[in-house]
Amino acid sequence: MANVSRISRMSIGFELSIVVVLVAGAVFLFRGLLLGTVSFGGDSLLWYGMFHYFAESLMSGEWPYWNSYVHGGEPFYYAWNIIRLADPVTLVLICFSAPFNPDLYSLYNCNFILRILVASIGSYLFLRALL
């Protein structure tokens with residue numbers, strides 16, 4: 001029985017070292033986003049306006065139901081799931097960063113990175129529980 005606990009402790013250290021290497025790799029790959037020198041391209045820029053409106057509304061203490069800036073006004077609830085605005089990671093990020101008055105464009109980029117990290121860690125923990 002002593003060998004099993006020793007192996008478990010060794011594997012936890014090994015797993016932590018893998019996590020540290022993966023996080024360091026993610027920081028290296030996304031260094032331009034973290035420093036604010038580049039941004040995501042393609043379709044992600046298309047959704048920035050909705051994210052900006054959503055984050056700005058939440059930071060001012062309102063839940064946005066109506067977007068008056070598009071097509072002379074339209075319901076905003078459809079956008080919650082299209083670009084994952086109701087995602088818990090996005091909501092927590094916006095709520096915790098609100099007191100610091102962040103740059104919303106940087107927050108938008110950090111939201112992408114944070115969702116990737118949370119999905120990776122969740123997948124790892126799920127597969128670890130299966131195996």
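**Close-up views of a predicted model**

**Figure 1. α4 and α6 are oblique to each other.** Before going further, note that everything shown here comes from a predicted model. The angle between α4 and α6 is about 50°, which falls outside the ranges for roughly parallel (under 35 degrees) and roughly perpendicular (65 to 115), so the pair counts as oblique. Their axes are 10 Å apart, and α4 passes α6 in a right-handed crossing. Which residues meet here? From α4 come F51, F54, A55, L58 and M59, and they meet T90, L91, I94 and S97 of α6.

**Figure 2. Here is the protein chain as a whole, for getting your bearings.** The chain holds seven helices and two strands. If you walk along the sequence, you pass them in the order α-α-α-α-β-β-α-α-α, with the two strands coming after four helices and before the other three. The chain has 131 residues, and 26% of them count as buried. What share of the contacts with a separation of 6 or more links residues 24 or more positions apart? That share is 59%. As for the outside, the accessible surface adds up to about 9200 Å², and carbon and sulfur atoms account for 70% of that area.

**Figure 3. α4 and α7 pack at an angle of about 110°.** That angle lies between 65 and 115 degrees, which makes α4 roughly perpendicular to α7. The two axes are 10 Å apart. On the α4 side, look for Y48, F51, H52, A55, E56 and M59. Facing them in the contact are L104, Y105, L107, Y108 and N111 of α7.

**Figure 4. α6 and α7 cross in a right-handed way.** The residues making the contact are V89, T90, L93, I94 and S97 on α6, and L107, C110, N111, L114, R115 and V118 on α7. The angle between these helices is about 135°, and their axes are 10 Å apart. Are they roughly antiparallel or oblique? Antiparallel would need an angle over 145 degrees, so α6 and α7 end up as oblique.

**Figure 5. This view goes inside, to the largest nonpolar core.** The core has 17 residues, and the ones with the most contacts inside it are F51, F54, F76, L85, I94 and L107. Four helices each put in at least two residues: α4, α5 (79-82), α6 (88-97) and α7 (104-130). Which helix gives the most? The answer is α4, with seven residues.

**Figure 6. F51 gets its own close-up, along with the residues it touches.** As the previous view showed, F51 is among the residues with the most contacts inside the largest nonpolar core. Setting aside residues up to four places away in sequence, F51 touches I83, L85, T90, I94, L104, L107, Y108 and N111. F51 also turns up in two of the helix contacts: α4 with α6, and α4 with α7.

**Figure 7. W63 is in the loop between α4 (48-59) and β1 (66-67).** Is this tryptophan buried or partly exposed? With a relative accessible area of 34%, W63 is partly exposed, because that value sits between the 20% and 50% cut-offs. Leaving out residues up to four places away in sequence, W63 touches F54, L58, W80 and L91. Two of those names may ring a bell: F54 and L58 also take part in the contact between α4 and α6, as does L91.

**Figure 8. H71 and N101 both have a positive phi without being glycine.** H71 is in the loop between β1 and β2 (74-75), and its phi is about 55°. H71 counts as exposed, because its relative accessibility of 71% is over the 50% cut-off. For N101, phi is near 50°. You'll find N101 in the loop between α6 and α7, and at a relative accessible area of 65%, N101 is exposed too.

**Figure 9. T37 and S106 are paired up in the last view.** T37 is in the loop between α2 (31-35) and α3 (43-46). Its relative accessibility is 62%, so T37 counts as exposed. How many residues apart in sequence are T37 and S106? They are 69 residues apart along the chain, while in space their C-alpha atoms are 10.0 Å apart.

Note on methods: Residues are numbered from 1 along each chain as its sequence is written. This is a predicted model: local features need pLDDT of at least 70, side-chain atom pairs count only at pLDDT 80 or more; totals for chains, interfaces and linings use all residues. Side-chain values use heavy atoms; hydrogens and water are left out. Buried means under 20% relative accessible area, exposed over 50%, partly exposed in between (1.4 Å probe, protein chains only). Contact means heavy atoms within 4.5 Å. Accessible areas come from the Shrake-Rupley method with a 1.4 Å probe; for residues, only the protein chains shown count as cover. A nonpolar core is a set of buried Ala, Val, Leu, Ile, Met, Phe, Trp, Tyr and Cys residues joined through side-chain atoms within 4.5 Å. Axes are lines fitted to C-alpha atoms, for helices over the stretch in contact, and angles run from 0 to 180 degrees between N-to-C directions. A crossing is left-handed if the near helix is turned anticlockwise from the far one by less than a right angle, and right-handed if clockwise.
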